[in-house]
Amino acid sequence: VVTALALTTVLAGCSDGSPDVDTIGRVAFDTALAIPPLAEPTTDAVGRLHFDLTAQTGTVDVVPGTPTETWGFNGPYLGPTIVAASGDDVQVDFHNGLKEPTTVHWHGMHLPARADGGPHQMVAPGDDWSPRWTVDQPATTLWYHPHPHGETERHVGRGLAGMFIVRDEAEAALSLPRDYGVDDIPVIVQDVRLDADGQLVSDTRDYIGPVGDRLLVNGTVGPSLAVTTDVVRLRLLNASPARIYNFALSDDRDLALIGTDGGLLERPFATRAVQLSPGERAEVLVRMAPGERITLQSRDVDLGGGPGLGGLNGARDSFDVLELVASDALNSVGTVPQTLVPMERLDDLDATGERRFVLDGKQINQQQMDLGRIDEVVTVGDTEVWDVRNNMALPHSFHVHDVQFQLLSIGGDPPPPELAGYKDTILLRPNTDYRLIMRFTDYTDPRTPYMYHCHLLQHEDQGMMGQFVVVEPGQRAGTIESGDTHD
Ligand code: C2O
Ligand code: CU
């Protein structure tokens, strides 16, 4: 049953011809943007980096003087930013300090299934889990969040989310801002809704899931960023359960999109707006003049049927996100490169197979998620085309664990420049086909599945998810093994 999208609390368009921009909660943008601390690793005798993460409860004053109960990693809300380089051996020592089971999933990471932190790697209250892997992918912005089946929306929505930045030599060789918290800024966006007592509610009357009426950026309400360089890099992460954002600057100046989920683009793409559905990331550069003040906003989303969230009822959804205030003297970061990194295009002529996924109702291919069923068996080394169709008049999204994919086409057309790079999550417009291509390079395990699912978290929780294993040639899927069986 499709309920009408209700966004009336948030939205009131202007009628004077200026962009329809309102502010969620109508707050002043006068609080310094919080920057999540960097996780401090220790290095063991074999050179492996160890990071500590503890899931815990806490409070945030979303409304001044009224503590809202939240969850976070190593703090009351969100988590530290983990930074590792491609080639690093890492181990995360996770402790579940909550009163219920959870997991930690490394969204966008290429790693063995048993380290993936999906619903088969549950960690009981008070227990520890220490996945380890070798970072083996290009520089990019990933993130981590819980993935307990049926509970992901509640766990992420309370604040369990953090950024994972991968660095590499190709990125380091480019003249880009990369001073974390100074000119390289995480922008983790979550919208929330509070009840009369100031506590988080997970309102489910919107088909796409809970849409909030207040915005937190890195946990800050009404954030302002003091910019000290002429070019600032924003790592945008939509960590919201349901809302789709369409980021743009208040004076409509161009953003330079330099990276998407899986890494840098071949060259910067100048664009007025960058649209992100839940789970997606983008790296953008913003150029500022001394003394300037501009605002990062989110504008009405375009789902192909004209603006409006869902394109259903013409609901407007425009608001301020983050104020950027440039100091009177700005340090120069140098000339922004015209080319970034070379990208190998995956070719569908190389594909060994094609699979089709139809998202309809709360199902994929007419099936609800079953933790005991392996839906797809992939042979390692293969390149595959995944033909994904949103068969509904409402938006969905599609996220694949373990791999980064490229888009071959959207509704039969070649992907636009902003979707030409590596992606792990893609917004699915209503009634549209997406052809994805991906290569499964290594990490076989016939008994531990990876997930693919809609990243509108309520849909994921309701079962719009399936499981695949990666096996050796000729090998069959085994009986699913839950838990982590590290050597
Ligand atoms: Cu961001 Cu399967 O998750
Ligand atoms: Cu969905």
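Here are legends for a few close-up views of this predicted model.

**View 1. A six-stranded open sheet.** This sheet is made of 6 strands with mixed pairing. Going across, the order is S13-S12-S15-S20-S17-S18. At the edges stand strand S13 (214–217) and strand S18 (263–271). Each of these has a single partner strand, so one of its sides is left without a neighbour in the sheet. From one strand to the next, the twist averages 25 degrees.

**View 2. Where S13 meets S12.** Here we zoom in on one edge of that sheet. S13 pairs with strand S12, which covers residues 184–192. The two run in the antiparallel sense, and 4 bridges link them. To get your bearings, look for Gln190, which sits opposite Leu216 in S13.

**View 3. Asn218, just off the sheet strand S13.** Asn218 belongs to the loop between S13 and strand S14 (223–229). Its phi is near 55 degrees, which is a positive value in a residue other than glycine. Is Asn218 buried or exposed? Asn218 counts as buried, because 23 other C-beta atoms lie within 10 Å and the cut-off for burial is 20 or more.

**View 4. Tyr443, in another loop.** Tyr443 is found in the loop that lies between strand S30 (432–439) and strand S31 (450–453). Although Tyr443 is not a glycine, it has a positive phi of about 70 degrees. Tyr443 has 19 other C-beta atoms within 10 Å, so it comes out as partly exposed.

Methods. Residues are numbered from 1 along each chain as its sequence is written. Chains are lettered from A and ligands numbered from 1 in the order in which they are written. This is a predicted model: local features need pLDDT of at least 70, side-chain atom pairs count only at pLDDT 80 or more; totals for chains, interfaces and linings use all residues. Two strands pair if DSSP finds at least two bridges between them. Axes are lines fitted to C-alpha atoms, for helices over the stretch in contact, and angles run from 0 to 180 degrees between N-to-C directions. A residue is buried if 20 or more other C-beta atoms lie within 10 Å of its own, exposed if 12 or fewer, and partly exposed in between; C-beta atoms are placed from the backbone.
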